[in-house]
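Take a walk with me through this fold, one strand, helix and core after another. Have the model open alongside.

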Amino acid sequence: MNQASAGHLLRLIRSGQATTRGELQRVTGLSRSTVGHRLDQLFRAGWLRETAGDPVDAPTGGRPSLRLEFDASHAVVLCADLETRHARVAVLDLGGTTLAEHSGALLINQGPDEVLDRLAQWFALLLEKTGLGADAVCGIGLSVPGPVDRASGRVLQPPLMPGWDRYPVPERMRQAFAAHVSESGADRMPVLVENDANLMAYAEQRRGFPDCAAFLLIKVSTGIGAGVVVDGEMYRGIDGAAGDIGHIRLSDHPYALCRCGSYGCLAAVASGRALAEQLTAAGVPTASGSGVRDQLAIGQPDAVRLAREAGRLVGGVLATVVTLLNPGVLMIAGDLTGPPFLTGVRELLYQRAMPRTTAYLQVVTSRLGDRAGLAGAAAMVVESLYAPEHADRRLADTAAS
């Protein structure tokens, strides 16, 4: 830390490790003048502000040191959370506060061109609503229901997203942004894409369980996916496929055809889509996972029975997952979240998992609800853009321009 850059100082301030000039000197070993020079870079960029310190921090009666804070209002993030039949978009400040939001029907199987173009139109309307210009946007975050290659931002073989496989999502999003929001700087606009369950887990862990070193979220909606956060970071696997538990095969359901083309997948018998089909066959017409949620809300007997059975199937798979990961928190989210499904999960999970791996396990439901994906997408963009190395490059580019 002796040669801490401006970006490293920003990380110390944002994390609360050092929030005054004196503390920065002590933590980094840098001289007062060097700390001052690097803070000046951050102030010129508009990323920091100083506020009056708390008198209790100056017990001798002297003037308290000015406190340094990350200015979450100096820019905004545009985020979208895509479901299979619906999407939610929002403008958020850098602290995760929602400034404007819109949701509406949007079929993901219409393909990336039409979907991303529609998102850009919605972004333009939200910026107009907030009175903000395109120059206030520092990045775009997209949450999608499929595996994502982190380096390229491309979706890889997504069963629920026909036409999206390896499509250049970030590049097309920039084009749509230029067409509907602003051409200025659109070619350099950071666009980050991530799996929805990963982002939900990231947001829920940061907001509700920041001290949990191993956090597991299961999303059961149209499909079934898992998000894993270890030591505060999303665990993606080597190419973004980690957590795709909906395609674990069940030996006792060999004839259940899954959307991925295989037979016996967990999602083929226990997802929201699967339960909607089962309810329809039972004489209760239901179009989707959200329709199952509506039936559960009114206590429809067949929906309650099927949700509990689905929970048992998912719980049986989770017994292995929990034994492998040993998480501190298991969170259930998505359309099927509720007592019947949760009861089924608990029955099989505690019956089959080793007692040692569940002794300290908290099984909870989503705290952020429908906004978890947006919150996770915003946090992903902010953490990427203001990470030390990225922040230093941005400061250098600003100084050179």
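Ile 140 has Val 191 of S9 as its bridge partner, and a little further on, Leu 142 is partnered with Val 193, again in S9. Before going further, a word on what you're looking at: this is a predicted model, where local features need pLDDT of at least 70, side-chain atom pairs count only at pLDDT 80 or more, and totals for chains, interfaces and linings use all residues. Residues are numbered from 1 along each chain as its sequence is written, and side-chain values use heavy atoms, with hydrogens and water left out. Helices (H or I, at least four residues) and strands (E, at least two) are DSSP runs, numbered from the N terminus. Two strands pair if DSSP finds at least two bridges between them.

Back to those two partners. Strand S6 (residues 137-144) and S9 run parallel and are joined by 5 bridges. S6 also pairs with S3 in the parallel sense, this time over 6 bridges, with Val 76 partnered to Val 137 of S6. Zoom out and you get an open sheet of 5 strands in the order S5-S4-S3-S6-S9, with mixed pairing. Strand S5 (98-105) and strand S9 (191-195) are the edge strands, each pairing on one side only. From one strand to the next, the twist averages 15 degrees. As for S6, 8 of its 8 residues are buried; buried means under 20% relative accessible area, exposed means over 50%, and partly exposed is in between (1.4 Å probe, protein chains only).

What packs on this sheet and touches S3, S6 and S9? Helix H6 does, and its direction makes about 95 degrees with that of S9. (Axes are lines fitted to C-alpha atoms, for helices over the stretch in contact, and angles run from 0 to 180 degrees between N-to-C directions.) H6 (residues 196-208) also packs against helix H13 (residues 372-385), at an angle of about 85 degrees and with the axes 7 Å apart. That makes H6 roughly perpendicular to H13, a label for angles of 65 to 115 degrees; under 35 counts as roughly parallel, over 145 as roughly antiparallel, and the rest as oblique. On the H6 side, the residues making the contact include Leu 199, Tyr 202 and Arg 206, and on the H13 side they include Ala 372, Gly 376 and Met 380. Contact here means heavy atoms within 4.5 Å. By class, this contact has 9 nonpolar, 2 polar and 4 charged residues.

Now move along to S10 and its partners. S10 and S11 form a hairpin with 3 residues between them, and their antiparallel pairing has 7 bridges. Leu 216 stands opposite Val 228 in S11. S11 is largely enclosed by the rest of the structure, because 6 of its 7 residues are buried. S11 then goes on to pair antiparallel with S12 through 2 bridges, one partnership being Val 230 with Glu 233 of S12. In that hairpin, which has 2 residues between the strands, Asp 231 takes a positive phi near 50 degrees.

S10 also runs parallel to S13, joined by 5 bridges, and Phe 215 has Val 329 of S13 as its bridge partner. S13 in turn runs parallel to strand S14 (residues 362-365), with 4 bridges between them; Met 331 stands opposite Val 364 there. Both faces of S13 are covered: Val 329, Met 331 and Ala 333 are buried on one side, Leu 330 and Ile 332 on the other.

That brings us to the largest nonpolar core, which has 41 residues. Such a core is a set of buried Ala, Val, Leu, Ile, Met, Phe, Trp, Tyr and Cys residues joined through side-chain atoms within 4.5 Å. Among those with the most contacts inside it are Leu 216, Ile 218, Val 314 and Phe 341. Elements giving two or more residues include S10, S11, S13 and helix H10 (301-325), and H10 supplies the largest share, 10 residues. Leaving aside neighbours within four places in sequence, Ile 218 touches, among others, Ile 224, Val 314, Leu 318 and Leu 330. A second, separate core of 39 residues includes Leu 92, Ala 377, Leu 385 and Ala 391.

One last stop is Cys 258, in the loop between S12 and H7. At 7% relative accessibility, Cys 258 counts as buried. Its contacts beyond four places in sequence are His 247, Cys 265 and Ala 268.

Key
Nonpolar A, V, L, I, M, F, W, Y, C, P; charged D, E, K, R; others polar.
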